[in-house]
Amino acid sequence: MVVSDKIKPFEALIKISATLRAEGKKVVLCHGVFDLLHLGHIRHLQEAKGLGDVLVVTLTEDKFVNKGPNRPAFKQELRAEAIAALNCVDYVSVNNWTTAVETIKSLKPSVYTKGPDYKDASQDLTGKIREEADAVLSVGGKVCFTDDITFSSSNLINRLMPSFGEKANRFLEGIRKNFTPEAVTEHIDALKNLRIVVVGEMIIDEYVYCDPLGKSGKESMLVMKHVAVDKYAGGAAAIANHLGEFCHKLKLITYLGKDNPQEDFLKKHLKNNVEPIIVYKSGSPTILKRRFVDKYSFSKLLGVYEINDEPLNREENDQFCEILDYHLTECDLVVVADYGHGLISHKAVRILERDVPFVAINTQINAANIGFHAISKYARADHICIHEGELRLDQRNKSEDLKNLTLNLSKRMNCPSIMVTRGKNGSLLYRRGAGFHECPAFAMEVVDRVGAGDAILALTSAMAYQNVPPEIMNFVANMIGAEAVTIRGNERSVDRIKLLKGITALLK
């Protein structure tokens, strides 16, 4: 059979498998990424073929490969062609799901074969190996593990065809030398029992997708055709959701507008382990930031805000401060996401500075507050996450060395931990007693920058509280940023399993 005849659409493969079973043939299924075909794969597939009559190989679809930025190195069409070129392989198809569970149920193989490195199910980050084994048993098959030499595609790709530039590759080699993937994972898993309170404005991010029609016939105006609308929970709600991936339980203290509260939206879009505590603001809608977007290019064309960013009135502010007084006594740390839209008053700032054992802060610059809102609103912090532009604006300095500005901020606010995000230039982390640590950016694809800084604030705050080694903290922050910029408008939170698998792949 020629190579092209071996590669089948999945629906066709279901029919082929059914026919083979009816003929009494023993179908063996192997599933994986097979990103860089190597001798370990070849031996594994040869041994698998010996367990039955027909060997079927299914590949993880490109969009479901959790191996870190710029993976898979080879697209699914090339991976399928490489596997199909092996004489021992009879059929190849690309899987339609994130795992092999549905594939197993559809193909009903007699034998499902995994490599020897999958024998210890306790080492499986996803828990999917157990689910796949259950699926095999449910269709009357059995699971077998091959027992030959193993290699790592990730290890080979990292060393022989690295995805990043020289600076990033040099950084990764230093991390690999000093830390194992297991050590990094342990630090992230240690966050699960932290008691965290997130304080800040909840924002609804609305994306209005349009197709351009052209210039208006009588006016100098671009006319767009409405296509669709998506809404996401942004601002402090997004930060709480990011942390909800890594912590068992946390609280969100925020405000909704009395004019258009959107309670149902908030409850629907918060993770189940996030408890919302709400103040209602009179004369105000719940903040909505609407962006008109060219559907084809995903270029943002115009932003329109529904917002009243005046401060809470005296009664509402007193209620908000009472809530802070009550809930902050029971937490390990508080993450303050201050968007400058009227929630956090000077009275609230004093409570946050005085009553919290560990406070992490970001004061974000946006179109509604630029020039009026800066980190100097606060007198102290235990961790600050700030964009380079926000830091320079706060200190009114466009050109001075970034490390000097960071030290100035640390001294002024008596802050021992400062993360400065720099977009495509990565990040700069200052840790008192350990000095500065720089990390390059790992993002290879940028879909949307909205919310990336919030994701980094969320996880670095928890890691700073845990005193995670600065090299690990900076590395993880940039891995988080690399994933966050692939997410459209807080459509979902950073995925813990995807992050851990990406870290593991890069450190092999």
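Salt bridges in this predicted model number 25 when the whole structure is searched. Three of these pairs are described below, followed by one network.

| Pair | N to O distance |
|---|---|
| R170 and E166 | 3.2 Å |
| R176 and E173 | 2.6 Å |
| D189 and R496 | 2.7 Å |

**Pairs within helix α8**

Helix α8 spans residues 166–178, and R170 and E166 sit four residues apart in this helix, a separation of about one helical turn. Both side chains of this salt bridge lie in the exposed class: R170 has a relative accessibility of 53%, and E166 has 64%.

The salt bridge between R176 and E173 also belongs to helix α8, where the two residues are three positions apart, about one turn of the helix. Here the accessibility classes are as follows: R176 counts as buried because its relative accessibility of 14% falls under 20%, whereas E173, at 36%, is partly exposed.

**A pair between distant parts of the chain**

The side chains of D189 and R496 form a salt bridge at 2.7 Å, N to O. This pair connects distant parts of the chain, with D189 in helix α9 (residues 181–189) and R496 in helix α18 (residues 496–506), 307 residues apart. D189 is partly exposed, its relative accessible area being 25%, and R496 is likewise partly exposed, at 24%.

**A network**

Beyond such pairs, E206, K231, R290 and E306 are joined into one network by salt bridges that share partners. In general, oppositely charged side chains can pair when their charged atoms come close.

Definitions and conventions
Residues are numbered from 1 along each chain as its sequence is written. This is a predicted model: local features need pLDDT of at least 70, side-chain atom pairs count only at pLDDT 80 or more; totals for chains, interfaces and linings use all residues. Side-chain values use heavy atoms; hydrogens and water are left out. A salt bridge is a side-chain nitrogen of Lys or Arg within 4 Å of a carboxyl oxygen of Asp or Glu. Buried means under 20% relative accessible area, exposed over 50%, partly exposed in between (1.4 Å probe, protein chains only).
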